[in-house]
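Let's take a friendly walk through a structure together. Take a look at what is shown here, and then we will go through it step by step.

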Amino acid sequence: MKNYITEKKGLLSWLFTKDHKRIGIMYLFSVFGAFAVGGFAALLVRLELFTPDQLILTAKQYNQSFTLHGAIMVFLFIIPSIPATLGNFILPLQLGANDVAFPKLNLASFHVYILGALVCILSIFMGGIDTGWTFYTPYSTTTDTAVVTMVVGAFILGFSSILTGVNFIATIHYLRAPGMTWFRMPLFAWSLYATSIIQILATPVLAITLVLLILERMWGIGIFDPAIGGDPVLFQHFFWFYSHPAVYIMILPAMGVISELVTTFSRKNIFGYKAIAMSSIAIAVISFLVWGHHMYTSESELAATLFSILTFLVAIPSGVKIFNWIATLYKGSISFETPFLYFLGFLFLFVIGGFTGIFLGTLSTNIHLHDTYFVVAHFHYVMFGGTLYAFLGGLHYWWPKMFGKMYSEYLAKWAFWLIFIGFNMTFFVQFIMGSKGMPRRYYNYVDEFAIYHQISTVGSWIIAIGFIVMLIYLVKSLRSGKKADKNPWGALTLEWLTDSPPQYHAFSKTPVVTSPPYDYKASSHE
Amino acid sequence: MEIIQNLTEKGTFFLPSNISATLGEFDTLFYFILWLSVIFMVGLIGVSAWFLITSKRKSSDQLAEKQITHNIPLEIIWTVVPTLLVLFIFWLGFKQYMLMRSIPPNATTIYVSGKKWFWEFTYPNGKKTIGDLVVPVNTPVKLILSSTDVLHSFYLPNLRIKRDVIPNRYTVLTIEPAKIGNFRIFCTEYCGDKHSNMLATLKVMSNDDYYAFLKAVDFDDSIPLSEAGKQLYTKKGCVACHSIDGSPMVGPTWKNLYNANRVFTDGSERIADEAYLIESINYPQAHIVTGYQPVMPSYQGLLVDQEITAIIEYIKELSD
Ligand code: HEM
Ligand SMILES: [Cu+2]
Ligand SMILES: [Cu+2]
C-alpha cells in the first residue's frame, strides 16, 4: 500500500507538493538545518567566552556570531518550529481533514520561508551583521555591516509566518470533522489557533518596522536616528510591539504539544480543558499590551508601572496551565517513554523560566538585571527549556506517525539526559553571573566571571553531544527502525486513526466525532 | 595602584556587595522573590513526584484510576493566590522603583557623556575626567546622562541601578554610595566592537578627598613629557582605537606616524607634523585618513595644552 512518502518520486514531487504532510516534513528538515547553523554560532560564542580575553574570534566576529545566532534561532528556527512542522503535519489530521484549507498557500509559505532563509544566509557572505537580533537604532542605521540584507530576510520570513497563520485559522474554522465542536477540538489545535491570531496581527507591525528601518538606513528619512531628527526609543516600541507577542508565538504551540503529551502518557482526560483552551486565547490578546516591559530602563515611570502590572497579569494564565498539567497526572496510568520525559523536562525548566520572569517583571529588580546574563539565562530557559523541549517531545511523539518507524528508546533517553544536564550547566550559572553584574553581549569580561563562563562553555559541549546522539538514532530509525503501529502510544485524537505513515489521502472516510478529545476510561468508578 | 572591588568575591551568592545608602532593601526583595520561588518550586516538584510515583503504569493495558476534569474550589485557589502574591511583589517593586527614580533636591550634579567607547564626566566646576567617576561618599549625586553617538547604558552593579544613555536626550540617574572605594561601571547597551571595553570606575571618596580632587590640576610635571604622554594614551582612552605597535585598529597606529605622509578621503595629502597632530586631536573630522571611518571624538576642551604636547612627544618617540 502506498503512503504519502512513496506516493510520488523525485525531488520535484517534493518541492512542488501541495500535501500538508510533505510540506511539514520539508519544514522539519529546514528548521533543523537552521538550528544547526544557529547552534554552531552559539558554540563559537561560548568557546570565545571560555577566556576573558580574545581566544578564537575578533570582537567583530564575536558580535556577528551572537547576532547570527540570535537572528537565526528566532526568525528561522523557533518561530516556525512547531506550527510549520508539527502543526502542518498534524493539525489537519487531528481535525479529521485531508489537508489544510489552502494547500497552495501552504506551499507558498514554504517557498517564501526558503527565500527568506537564503537572503539571511546571503547577509553572512555580504559581511555579516553585528547589531544583535534586535536591530536597535541608531547603531543599526550607522554600522557598516549588511543590515539591510538581513532585515530584508526577516521581512520576507514574516510573510511565511502570516501565510501559515491565515491557513490554520481557515482550516480550524472550516475543516473540523463532523461532530467536532469547538470544545471537542484537541488542545494542540486550540494553541495553534491562538498562535495564528498573533501571527497575523503582530507580524505586519514587524514588517512595517523593518521597512522603516531600511528606509532610514538607505535614505535617512529621519525617523529613528537622532542625528537626523529621529527617535531611537520609537524603534524600540515598534520592535517590541511585535517581538513580545512573538514570544507567545514561540511558547503557545509548545503548550499545546505539552497538553497532548500529558494526556496520552498518563491516559487521563486533561484537567481543566476549557481553562487551558481559553487561557491560550487570553494570553494571545494580553500579549499585545506588555511590550513595554523590555524598556523599563528607557521609558517614563508611568509607562513602566503600567507595563509591569500587565506583565504580571499575563503570567497568571501560564501559571494556571502548569497547575492543570500537574493535576492531570493525579491517579493516571503513567508511562515514562521519551516524549513524556520531554514533558517532565519542559515542566521543570519552564517553571524556572517563569519564576525568573518574576524577577524581570518586577520594576526595581528589572533595573538591576536588565541586559545582564540573567536575561540571557531566563529566555533560554523559556525558549530552549520551554519551546524546544516541547518541540522535541512532540517530534518523538509523532515521529512514528510521520515516518512509520520507531527509534531507539535507549539512545533517546541518553540524548535526553545529556541535553538536560548540559542545558542546566550552560544556563543556570548564567543566572548567578548575571545577577552578580555580568552584562550581556560582552566579548571580553572582567576576570572574576571566568569560572562561571567556563562551566557554561563546557555545558554547551554536552548539549552538542546530546544532539549528535539524537541525530544518530533518528537517522538510524529512518533507515532501519522497527515498523510503527497505527497508534503506538494508545492516544485518542484523530491523527492516530490514520496509517503510520499516513496515505496521501489520510482519511478515506471522514471520521465522525462523538466525544471530547481526551475521553479516556477509568478503572474505578466511585 | 587602586584596587577595584571584585564583583563575585564580596556580596552574597547571587548579588555583588551593596553600597547604596538608599537601596539596601533591594537585596531583601530579591531574596524574597527567590525564596518564594524556591518554596513553590519544591512544592510543585514534590507534588509531581508523588503523582508520578503513585500512578506509574505497571501493565501495558492499565487504565487511569480515576478521571477528574474539574475541581472548582481548587482552581479558584490556584488562580487567586498567585495573583495576589504577584500583585504584592509588584507593589514592593514599584515602591522601590519610585525611590530609585526620585531626585533629592540637594544632589550634586555630574554630567555623563557616553561615546564610542568611553565615558566622560563633567563636574560642577567644569573639570572633566575620562573613565573615572569621582563622587563624595554619603552624598546624593544626580547624574545627567547623554550620548553623542549610539545608545549606551550606564550600569553600576554595586548600586543596583542602570539607565539608558540616549543621543539627543537627557536621562537622569541618582546614586548615593555609602562606602569608600573603587567599583565597576559597565556599558550594558550594545554599542559596537568595544562595547565590552566601555568600562569605567566609580571612585567613592571622603568629602575632603573629593574637594581636593576637584581642585587639583591633573598634570604631573615631575616626569618627562613623553612619559606623561604614554600615561595619557591609556588614561584618556586613545588606547581603545590606536595601537603603538604598527597594527591598525579602529584608528591608524601611532607607530611611525610622526612626519609620515597622510592621505585623506577627499584626496588631499599632508605631512603629519605637530600642527597636523594637534588638529587631528581637536578637530578629528577635518580630514579623515583613507581606510578609516570618521568615528574619533573631538578632544577639544578635554585635554589641556600641556597634555596635548605630552601626547605629541610620545607619538614622536614612537617614530624612528
Ligand atoms: C532554542 C534554542 C535557542 C534560541 C531560540 C536562542 C536564542 C537566543 C537569542 C535570541 C539570543 C540573543 C542574541 C542577541 O543578544 O542578539 C541568544 C544569545 C545567546 N545564546 Fe542562544 N538560543 C538558543 C540556543 C542556544 C544554545 C544551545 C546555546 C549554547 C550552546 C546558546 C548560547 C547563547 C549565548 C552564549 C548567548 C549570549 C551571547 C551574548 O550575549 O554575548 N543559545 N540566544
Ligand atoms: Cu516581552
Ligand atoms: Cu556599550
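Let's begin with one histidine: A:His69 is buried, because its relative accessibility of 17% is under the 20% cut-off. Keep in mind as you look that this is a predicted model. A second histidine, A:His380, is buried too, with a relative accessible area of 15%.

What do these two residues do in the model? A:His69 and A:His380 are the protein donors of the iron atom of ligand 1, each through its NE2 atom, and they lie 2.0 Å from the iron. The pair brings together distant parts of chain A: A:His69 sits in helix α3 (residues 59-95), while A:His380 sits in helix α13 (residues 373-403), 311 residues apart. Around the iron atom of ligand 1 there are six donor atoms, and the arrangement is octahedral because their angles run from 86 to 180°. For comparison, ideal angles for six octahedral donors are 90 or 180 degrees.

Now move to the copper ion, ligand 2. Its protein donors are A:His244 (ND1), A:His293 (NE2) and A:His294 (NE2), at 1.5 to 2.1 Å from the ion. Along the chain, the donors of the copper ion follow the spacing H-x48-H-H. Among them, A:His293 is buried, with 14% relative accessibility.

Finally, turn to the cysteines of chain B. B:Cys191 counts as buried, at 0% relative accessibility. B:Cys238 is in no disulfide, because a disulfide needs two cysteine sulfurs within 2.5 Å, and the nearest one, that of B:Cys241, is 8.7 Å away. B:Cys238 is also buried, with a relative accessible area of 10%. Over all chains, the count comes to zero disulfides.

Key:
Residues are numbered from 1 along each chain as its sequence is written. Chains are lettered from A and ligands numbered from 1 in the order in which they are written. This is a predicted model: local features need pLDDT of at least 70, side-chain atom pairs count only at pLDDT 80 or more; totals for chains, interfaces and linings use all residues. Side-chain values use heavy atoms; hydrogens and water are left out. Buried means under 20% relative accessible area, exposed over 50%, partly exposed in between (1.4 Å probe, protein chains only). Donors are N, O and S atoms within 2.8 Å of the metal (3.2 Å for Na, K and Ca); water is not among the atoms, so sites may look incomplete. Four donors count as tetrahedral if all angles lie between 85 and 135 degrees; four count as square planar and six as octahedral if opposite donors are over 155 degrees apart and all others between 65 and 115; anything else is irregular. Helices (H or I, at least four residues) and strands (E, at least two) are DSSP runs, numbered from the N terminus.
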